[in-house]
Amino acid sequence: MTEHTQVKMAEMKYDKDRPKAKHELKVEDISLRDGHQSLFATRGRTEDMIPVAERMDEIGFWAVEVWGGATFDAMHRFLGEDPWERLRTLKRYFKKTPFSMLLRGQNLVGYRNYADDVAKLFVKKTVDNGMEVFRTFDALNDYRNFETVVPVIKECGAHFQGCICYTLTEPRIGGDVYTLEYYIQKAKDLEAMGADSICVKDMAGLLAPYDAYKLIKALKDNVKPLIHLHSHFTSGMSPMSHFKAIEAGVDIIDTCLTPYAYRTSHAALEPFVMSLLGTNRDTGFDINALADINEILEKQIMPKYKHLLDNTKVSGIDINVLLHQTPGGMLSNLVNQLRDMDALDKMDDVLKELPRVRKELGQIPLVTPTSQIVGIQTVNNVLFDTPEERYKMVTAQVKDLCYGLYGKTSVPIDPEVQKKALKGYERGEKPITCRPAQVLEPELEKAKQEIGDLAVDDEDLILYALFPVTGKKFLMQKYGKEQVPESLKPITLEDVAKQDALIEKAKKGELVEKTRLEDIPEKSEYARTFNVFVEGDYFEVGVDEVGGAPVITYAAPAAAPAPVAAPAAPVVQAAPAQPAAPAPKPAPAAKETPAPAESAGTPVKAPMPGMVIKYEKNEGDAVNEGETVVVIEAMKMENALPAPTSGVIKSINYKSGDSVAKGEVLAVIE
Ligand code: CO
């Protein structure tokens with residue numbers, strides 16, 4: 001009998017008072033950050049964490065991850081929530097369990113390297129607001145990008161957890177870059193930097209069970225800090241990998257509570273608690289207490305998010321990850337991007353081009369933001385390159401990468417690609433080799449001047465410094481200078497019940513069809529769109545609040561775009577309609593961008609849907625062919641759109657912060 005089964009079944013106690021294990025497995029719960037980031041696009045709201053917070057605090061987690069990664073961005077951009085407020089609020093409920101966050105090294109919680117002054121203030125303010133464990137990673141595993149934040153983490157008395165991003169170029173550890181020696185060396189580097197613990201960050205679920213055993217054992221044999229494993233379930237291997245890691249002596253693993261587990265998220269905690277019960281790695285957790293938390297999440301919380309879950313797949317495992325060694329999130333981003341550009345048929349080309357682009361860009365690990373950088377450049381290459389010319393449309397981030405602004409790549413960047421990307425690059429055409437942030441000018445003072453009194457405290461200032469466009473928008477809303485759009489407001493269980501009731505009505509045929517187009521009220525800017533699934537059919541339903549209750553203003557099969565006045569679409573209204581109280585604001589006139597006649601000038605069109613970041617030119621400015629006219633952000637990457645011809649800017653049709661659809665005319669050159 002092995003040591004893992006040393007306790008006889010009859011003596012086994014299920015409650016919390018059972019004998020403590022010799023080498024108790026520590027667990028970090030990551031449901032409230034990575035869990036909802038992975039499963040429902042980081043849309044989890046603070047109000048939906050509070051109902052389970054005190055119970056979670058009782059479980060005995062080593063830490064709970066509640067912040068960082070995409071939460072900072074998603075909260076202020078999509079939820080109308082102040083990210084700092086979440087920390088302070090949750091702290092009132094978690095009295096015992098330390099808070100952990102994901103810190104993207106010098107990228108902090110954004111997508112580029114920020115200047116040292118921003119990084120220092122960010123870490124300090126984060127500790128002030130209740131953070132204790134800083135899980136710090138760099139997408140290139142270039143630890144020079146830790147040099148600014150780590151001393152601040154240490155000075156503040158917080159826990160520095162250094163990450164090694166786990167990546168592969170072939171199905172198993174090995175090849176010519178990502179070998180066992182590579183990982184051991186990275187762990188030694190982190191130990192030398194003073195890491196309190198070391199985390200293997202397997203963001204794509206690539207870590208296979210026997211590799212996990214080999215890797216964790218090697219790390220345990222070579223370095224002293226606690227070893228922590230973070231492995232996504234995406235490929236289906238992670239529970240097995242965790243188990244082998246436990247056998248190899250891993251100290252801490254990351255799991256999610258069952259409703260937030262599996263798919264692109266993480267292994268569920270509860271099966272581990274039961275599997276290890278009575279062994280020398282027993283977690284000591286109370287399975288009944290966990291069941292109570294699950295019940296709350298399942299019944300009171302998850303119904304509000306089910307519309308965000310990926311309903312298109314039956315399978316919970318993405319075998320593409322096994323085939324392509326590419327993060328699942330990256331693949332779904334690619335699919336979305338291609339769909340936005342009506343180019344889904346190019347997916348095979350993209351998968352072929354991807355390893356080539358990755359290699360040319362220095363065989364870098366694929367994790368935020370490098371996964372987006374490589375992914376979007378790949379799509380650009382597939383869509384815009386010609387047989388004569390590759391890298392026709394290079395994103396700003398690829399230029400930054402080629403310049404060395406993200407750090408040192410695992411292998412040198414292809415010199416030809418680098419030269420092309422850096423042609424005319426604003427910082428210079430010769431790449432740097434120093435620590436990237438060394439070339440960045442301080443940013444705080446400039447941010448302070450730009451945002452002025454709208455930033456009331458350092459937390460506001462940081463929000464603006466990290467996200468100038470959306471951060472400013474949020475601060476306007478926070479301080480009542482701009483209305484909070486309906487689309488940012490939470491839905492309640494009652495809303496969910498109403499939607500379900502509508503579906504029931506539709507099933508029974510009780511929704512009255514409106515046939516006369518003039519009866520259809522105009523869709524207001526507050527209208528919210530819901531995806532409604534009725535048996536095999538899928539409808540997109542627009543709901544506009546008139547007076548008290550939601551009224552359906554349109555319903556259309558999701559495939560048909562622009563459903564408001566499409567005569568072919570079935571238009572239904574819940575009967576009877578509430579008497580209209582204050583009429584909804586009329587929809588703002590759609591920006592008319594009629595195709596200009598040849599003589600009216602040359603349009604600069606959005607090649608993809610996105611958000612306008614800034615115009616480099618003003619009306620009346622002269623512009624040369626190839627010069628940047630406007631920068632738009634798509635899939636979080638900035639794309640500089642060049643002038644298709646020389647001339648004078650005749651009109652500029654949008655402003656910073658505006659969303660634009662593919663093909664819309666952003667400016668006209670005459
Ligand atoms: Co993760």
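Is C402 buried or exposed? At 1% relative accessibility, C402 counts as buried. Keep that residue in mind as you go through the close-up views below, and remember that this is a predicted model.

**View 1. Two cysteines, C402 and C434, with different degrees of cover.** C402 is buried, with a relative accessibility of 1%. C434 is partly exposed, and its relative accessible area is 25%. Buried means under 20% relative accessible area, so C402, at 1%, falls in that class. A disulfide is a covalent bond between the sulfur atoms of two cysteines. A search of the whole structure for disulfides gives a count of zero.

**View 2. A cobalt ion held by D34, H230 and H232.** Three residues coordinate the cobalt ion here: D34 through OD, H230 through NE2 and H232 through NE2. They do so at 2.0 to 2.2 Å. Along the chain, the donors follow the spacing D-x195-H-x1-H. D34 belongs to helix 1 (residues 31-39) and H230 to strand 7 (residues 226-231), so this pair ties together parts that are 196 residues apart in sequence. Both D34 and H230 are buried.

**View 3. R55 and D292, a salt bridge between distant parts of the chain.** Side chains of opposite charge can pair when their charged atoms come close. In the salt bridge of R55 with D292, the closest N and O atoms are 4.0 Å apart. Look for R55 in helix 2 (residues 50-59) and for D292 in helix 11 (residues 287-301), 237 residues apart. R55 counts as partly exposed, at 43% relative accessibility. D292 is partly exposed too, with a value of 40%.

**View 4. R88 and E85, a salt bridge within helix 4.** What is the N to O distance where the side chains of R88 and E85 meet? The salt bridge spans 3.0 Å. R88 and E85 are three residues apart in helix 4 (residues 83-91), so about one helical turn separates them. R88 is partly exposed at 31% relative accessibility, and E85 is partly exposed with a relative accessible area of 35%.

**View 5. D211 and K214, a salt bridge with one buried partner.** The side chains of D211 and K214 meet with an N to O distance of 4.0 Å. Both residues lie in helix 8 (residues 209-222), three residues apart, about one turn of the helix. Which partner is buried? D211 is, with a relative accessibility of 5%. K214, at 42%, counts as partly exposed.

**View 6. A network built from K124, K125, D128 and E459.** Here salt bridges link four residues into a network: K124, K125, D128 and E459. For the wider picture, a search of the whole structure finds 42 salt bridges.

**View 7. N380, a buried residue in helix 15.** Find N380 in helix 15, which covers residues 370-384. With a relative accessible area of 0%, N380 is buried. A polar atom of the N380 side chain lies 3.3 Å from the backbone oxygen of M393. Which residues is N380 in contact with, leaving aside neighbours within four places in sequence? They are D385, M393, T395, M608 and N639.

Conventions: Residues numbered from 1 in each chain as written. Predicted model: local features only at pLDDT ≥ 70, side-chain atom pairs only at ≥ 80, totals over all residues. Heavy atoms only, no water. Helix = DSSP H or I, 4+ residues; strand = E, 2+ residues; numbered from the N terminus. Buried < 20%, exposed > 50% of the residue type's maximum accessible area, 1.4 Å probe, protein only. Donors = N, O, S within 2.8 Å, 3.2 Å for Na, K, Ca; no water. Polar contact = N/O pair within 3.5 Å; in protein donor to acceptor, adjacent residues only side chain to side chain. Contact = heavy atoms within 4.5 Å. Disulfide = S-S within 2.5 Å.
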